Amino acid sequence: MRPYAVTKGRTKPKSQLPLEALISATAAARNESGTLTPEWQAISDLCREWRSVAEISALLRMPLGVARVLVADMSEQGLVQIRSSLNNDDRPNTNLLERVLSGLRKL
């Protein structure tokens with residue numbers, strides 16, 4: 001796969017998407033599994049449980065910029081949910097940060 005071919009040359013998502021944002025596939029993604037692009041299908045399958053953008057990038061071995069663009073596009077289509085990484089006191093969740101760090105090490 002040529003990384004930026006799947007994003008049509010775009011290197012930035014249309015909306016802000018931090019690498020620690022948590023992503024989960026929606027029921028719509030599961031229902032449309034036969035019609036998704038291979039990259040969207042891989043993200044949908046991986047995100048049956050909450051995953052960070054950094055984890056998606058590392059586990060699917062795709063550049064972080066590509067993962068961000070694809071996830072943002074999927075969000076616009078209602079195929080994934082995005083959850084902010086900050087809790088009520090605006091401090092990052094330690095467990096989440098450990099998972100992000102682990103994902104980054106796999107890059």
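Here are some worked exercises on the predicted model shown above.

Residues are numbered from 1 along each chain as its sequence is written, and side-chain values use heavy atoms, with hydrogens and water left out. Because the model is predicted, local features need pLDDT of at least 70 and side-chain atom pairs count only at pLDDT 80 or more, while totals for chains, interfaces and linings use all residues.

**Exercise 1. The overall layout**

Task: find how many helices and strands the protein chain has, and in which pattern they follow one another.

Solution:
- Start with the elements, which are DSSP runs numbered from the N terminus: helices (H or I) have at least four residues and strands (E) at least two.
- The protein chain holds five helices and three strands.
- Reading along the sequence gives the pattern β-α-α-β-α-α-β-α.
- Next, look at burial, where buried means under 20% relative accessible area, exposed over 50%, and partly exposed in between (1.4 Å probe, protein chains only). The protein chain has 107 residues, and 38% of them count as buried.
- Finally, turn to contacts (heavy atoms within 4.5 Å). Of those between residues at least 6 apart in sequence, 72% join residues at least 24 apart.

**Exercise 2. Two serines in strands**

Task: decide whether Ser24 is buried or exposed, do the same for Ser52, and list what each one touches.

Solution:
- Ser24 lies in strand E1, residues 22-25. Its relative accessibility is 8%, so Ser24 counts as buried.
- Once neighbours within four places in sequence are set aside, Ser24 contacts Cys47, Trp50, Leu79, Val80 and Gln81.
- Ser52 belongs to strand E2. Its relative accessible area is 0%, so Ser52 is buried.
- With the same kind of neighbours left out, the contacts of Ser52 are Leu19, Glu20, Ala21, Leu22, Leu96, Arg99 and Val100.

**Exercise 3. The surroundings of H3**

Task: work out which residues of H3 are buried and what they pack against.

Solution:
- Helix H3 spans residues 53-60. Val53, Ala54, Glu55, Ile56, Ser57 and Ala58 are its buried residues.
- Six of the eight residues of H3 are therefore buried, so the rest of the structure largely encloses this helix.
- The packing partners of these buried residues are E1, H2, E2, H4 and helix H5 (94-105).
- Just past the end of H3, Arg61 has a positive phi of about 55 degrees.

**Exercise 4. Two helix packings with H4**

Task: describe how H4 packs with H3 and with H2.

Solution:
- Two packed helices are described by the angle between their axes and the distance between the axes. Axes are lines fitted to C-alpha atoms, for helices over the stretch in contact, and angles run from 0 to 180 degrees between N-to-C directions.
- The axes of H3 and H4 cross at roughly 120 degrees and come within 9 Å. This makes H3 oblique to H4, since angles under 35 degrees count as roughly parallel, over 145 as roughly antiparallel, 65 to 115 as roughly perpendicular and the rest as oblique.
- On the H3 side, the contact uses Val53, Ala54, Ile56 and Ser57, and on the H4 side Leu64, Ala67, Arg68 and Val71.
- Sorted by type, the residues of this contact are six nonpolar, one polar and one charged. Here Ala, Val, Leu, Ile, Met, Phe, Trp, Tyr, Cys and Pro count as nonpolar, Asp, Glu, Lys and Arg as charged, and the others, Gly among them, as polar.
- For H2 and H4, the angle is about 80 degrees and the axes are 11 Å apart. These two helices are therefore roughly perpendicular to each other.
- Glu39, Trp40, Ile43 and Ser44 of H2 meet Leu70, Val71, Asp73 and Met74 of H4. This contact divides into five nonpolar, one polar and two charged residues.

**Exercise 5. Salt bridges**

Task: locate the salt bridges and say how accessible Arg48 and Arg51 are.

Solution:
- A salt bridge is a side-chain nitrogen of Lys or Arg within 4 Å of a carboxyl oxygen of Asp or Glu. Searching the whole structure turns up two.
- Arg48 pairs with Asp45, with the closest N and O atoms 3.2 Å apart. Arg48 is exposed at 56% relative accessible area, and Asp45 is partly exposed at 36%.
- Glu49 pairs with Arg51, with the closest N and O atoms 3.8 Å apart. Glu49 is partly exposed at 48%, whereas Arg51 is buried at 18%.
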